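Biologist: Before I plan anything around this protein, I would like a close look at a single part of it, set in the context of the whole chain. Please take one helix and tell me how it sits in the rest of the structure.

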Amino acid sequence: MTRHRALAAARWLFVLVTLALAGWGFRGRWSEIGAAVAATGPLRLAAALGCTAAGLLLTARLWRLLLRAVGPDVPARDAASVFLVGQLGKYVPGSVWSIAVQARLGRRHDLPARSVVAASTVFLLVHTASGLLVGGALVVGGALAGSAVAGGPWPWAAALVGALTLAPPLVRRLAGRIAGAGVGATWGRTDAARAAALMALVWLAYGASLLLLVPGPGSPGIAGAVAAFALAHAAGVLVVVAPAGVGAREAVLVALLAPAVGLADAAAAALLARVVHAVADFAVAGGAALVAGTTTGSAAARRRGRTGGDRAAAPERAGADAR
C-alpha cells in the first residue's frame, strides 16, 4: 500500500470511528428522536439543518483568520477541509483529538503543526468566550426573563469572563506562545472585531436553528434561543470529559428553555438540536473534503501536465540548440 493510500485509508477510518461514536451517543433514544422529528416536520428540520451548516461554515472562516495570525495564509477551501474534518474529532472522548487531527491534516497543505495547534486552541478559546459573552449579555438584557435559572449574578459573571478572555493582548500572547519562538502572532483590534462579528453571526445561526426545533407552540424568542444555545455550548466545551459536550449541553438547554416552552418540549428541542448538529458536522465536513480533494487533484493534474509538456519539449529544444 502506498503512503497516499495509507493516509486516505486512515482518514476514512477516522471518519467512520467518529460517526460510530456520534451514533453511540444517541443509544436508547431513537424513539424519542423519531417523535421529535415527527413533531417538528421536514421543512423546519431542513431549515434548522441549513442554519446549523451556515454557522459551521462561519466558524471555518474564523479558524482561517486565526491561522493567518500565527502562520501562512491558505485558500479558504483548504482551510475549511482541515478545520471541518478535524472538528469531527470532538466526538471522540477527550479534549485534544480535534486539534491533533487538524494538525495532521494541515501537513497536506504544508502548514506548520504548531501554527495549526495554536489556531485551533485559540479558536476553542474564542468560541467558548464569545458564547459566555453573548449568552450572558442576552440573559442580563432579559432574553430569558421567565427562567428562574437566569436570575442571580452568574449571567454578569459569564459576560465579564467572556469579554476579558477575548481581549486582543491575551489572545495574541496565547497564540504566540503555542506557535513557538520566532512566530509573531498578529492579532489586533480589527481582527478581534472581525472575529466578534463572525461569532455573532454563528450564534444567531445556531439560535435560529434551535428556535426552529422547538416542537410545541411555546417559544423563547430568537434572543432567548441564541442565549440558551450559546451558554449551553460553552458549558459543553468546558466539560472536557464529555465528547462534543454530550449531556452537559442538553442539561443547560433544558434548564434555560423549560420555563418558556415546557419541560417536554425543551427536552425534545435539546435532543433534536444534538442530532441536527451531528448531521451538519458530518455533511459539511464531507462537502469541504470533497471540494478540497477535487481542487487539489486538478492542481496536481495541471502540474503533471506542465511537467510532461516540459519533458516532451526538452528534446526539441535540445535539437534546436544543436542546430
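**A close look at helix α5**

Modeller: The chain exposes about 15,400 Å², and carbon and sulfur atoms supply 68% of that area. What you see is a predicted model, and the mean pLDDT of the chain is 78, with 73% of its residues reaching 70 or more. Confidence is lowest in helix α1 (residues 3-24), at a mean of 50, and highest in helix α9 (residues 189-212), where the mean is 94. Over residues 296-323 the pLDDT is below 50, and beyond near neighbours in sequence this stretch has two contacts in the model. Another passage, residues 21-25, also stays under 50, and for these residues the model has six contacts beyond four places in sequence.

With that in mind, the fold itself can be described: the chain has 12 helices and zero strands, and buried residues make up 45% of its 323 residues. Among the contacts between residues at least 6 apart in sequence, 74% join residues at least 24 apart.

Helix α5 covers residues 97-106, and because seven of its 10 residues are buried, the helix is largely enclosed by the rest of the structure. The buried residues in α5 are S98, I99, V101, Q102, A103, L105 and G106. To read that list, it helps to recall that an α-helix has 3.6 residues a turn, so residues three or four places apart point the same way. In α5, S98, V101, Q102 and L105 are among the buried residues, and so are I99, A103 and G106.

For the wider setting, the largest nonpolar core has 76 residues, and those with the most contacts inside it are L62, W63, L84, W187, L210 and L253. One of these, L84, touches L56, L57 and A60 as well as V284, A285 and A288, leaving aside residues up to four places away in sequence.

A charged residue offers a further example of burial elsewhere in the chain. E250 lies in helix α11 (residues 248-261), and its relative accessible area is 12%, so E250 counts as buried, the cut-off being under 20%. The side chain of E250 makes a polar contact with the side chain of R274, at 2.7 Å.

To return to your request, helix α5 is largely enclosed by the rest of the structure, within a chain whose pattern, read along the sequence, is α-α-α-α-α-α-α-α-α-α-α-α.

Key
Residues numbered from 1 in each chain as written. Predicted model: local features only at pLDDT ≥ 70, side-chain atom pairs only at ≥ 80, totals over all residues. Heavy atoms only, no water. Buried < 20%, exposed > 50% of the residue type's maximum accessible area, 1.4 Å probe, protein only. Helix = DSSP H or I, 4+ residues; strand = E, 2+ residues; numbered from the N terminus. Core = buried A, V, L, I, M, F, W, Y, C linked by side-chain atoms within 4.5 Å. Contact = heavy atoms within 4.5 Å. pLDDT = per-residue confidence, 0-100. Polar contact = N/O pair within 3.5 Å; in protein donor to acceptor, adjacent residues only side chain to side chain. Areas by Shrake-Rupley, 256 points an atom, 1.4 Å probe, with all protein chains shown as cover.
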